[in-house]
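Here is a short report on a protein chain and its ligand. Please look over the sequence and structure first.

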Amino acid sequence: MDKQEAIAKLETLREQLNQFNYEYHVLDKPSVSDQEYDMKMRELKDIEEQYPELITPDSPSQRVGGEPIDAFQKVQHNIPMLSLGNAFNEEELRDFDRRVREGTDATNISYVCELKIDGLAISLRYVEGLLERGATRGDGKTGEDITTNLKTIRSIPLKIKETQPIEVRGEAFMPTKSFQALNEKREQNGEDLFANPRNAAAGSLRQLDPKIAASRNLDIFIYSVGEWEAGELASHSERLAYLKELGFKINPETKTCKSIDEVIEYVQYWTEHRPDLSYEIDGIVIKVDQIDIQDELGFTAKSPRWAIAYKFPAEEAVTKLTDIELS
Ligand SMILES: NC(=O)c1c(N)nc(OC2CCCC2)nc1O[C@@H]1CCC[C@@H]1O
């Protein structure tokens, strides 16, 4: 095939493979068989081998990077990645609602409830639609550039249709079944076991060889926008809808609640149904939906006044209690 044909063929294959990848890893609704996917990937790699100068950063062949790197570079977060204040019971949730209402004259306050994914916070920056940098939260101001490892997470799009610079944030995690399989293999190999999926995800993203990260079946849920000049959407729920439209994986259990009573119902529901999830959560994040009210409430030194994390009781404590009752 000549170069002109190769250029056209590669563009078609990139679009098809990135779409198939999106359907499989973000929508969980594949439209082609694994065999067809593999066949097209083989076709793409053969043409790229013949014309390496035609390889683009959003080519699906670029997900699992080249050689291991020798260290991660430090990166600065222009907008700090904050932590969250905690609430441990219903009364403290109602206190949060009271503080929000005291902080604004607005009366049309609604909340967005999100499962609090127990992973590690990540920042993804896109420039002209291409994934340019992926980083850990670090201490909130300084993180590490782990772009090569984050590109291996299949639910992260390598290219989005937003051409303005945009930074999105989310939680990278290891699904429970992948965690159990990984520890079983490590036990057979006489290696140390990971204590929990969060440590396993963090350990996987700290690998200097992207091939190891790629083998760990990591995933991510995107939950907020960081830097975005064009960001004029008036509510957090609209921003999440736009992120979903861009092809990011948004947690399907996210719900807008009209009152703190509805928030408490959501918290009670997921306290009971937490074991049904295929990943670990350590609580529920509650955010004021209206951006103008978020701006009015602002931040404390380390966390927003317009959000709070309801934390489930620690499980080991519950286990001990059960032991006492049973003994
Ligand atoms: N772990 C989560 O699922 C989660 C979430 N669903 N939403 C947020 O919102 C950010 C943006 C406003 C303040 C925190 N943060 C989350 O996790 C954070 C990352 C760093 C500390 C918390 O774990």
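The report covers the basis of the model, the overall fold and the ligand site.

## Basis

This is a predicted model: local features need pLDDT of at least 70, side-chain atom pairs count only at pLDDT 80 or more, and totals for chains, interfaces and linings use all residues. Residues are numbered from 1 along each chain as its sequence is written, and side-chain values use heavy atoms, without hydrogens or water.

## Overall fold

The protein chain has 11 helices and 11 strands (DSSP runs: H or I of at least four residues, E of at least two, numbered from the N terminus). Its radius of gyration, taken over C-alpha atoms, is 22 Å, close to the 20 Å from the globule rule (2.2 Å times the number of residues to the power 0.38) for 327 residues, so the chain is as compact as a globular protein of that length. The C-alpha trace spans about 70 × 55 × 40 Å along its principal axes.

## Ligand contacts

The ligand has 14 residues around it (a heavy atom within 4 Å). Glu114, Ile117, Glu171, Tyr223 and Lys287 come nearest.

Three polar contacts (N or O pairs within 3.5 Å) involve ligand nitrogen atoms. Glu114 places a polar side-chain atom at 2.8 Å. For Lys287 the distance is 3.0 Å. For Glu171 it is 3.3 Å.

## Shell

β3 (111-117) and β10 (281-288) are the elements that give two or more residues to the shell around the ligand. β3 gives the most, with four residues.

How values were computed: Polar contact = N/O pair within 3.5 Å; in protein donor to acceptor, adjacent residues only side chain to side chain.
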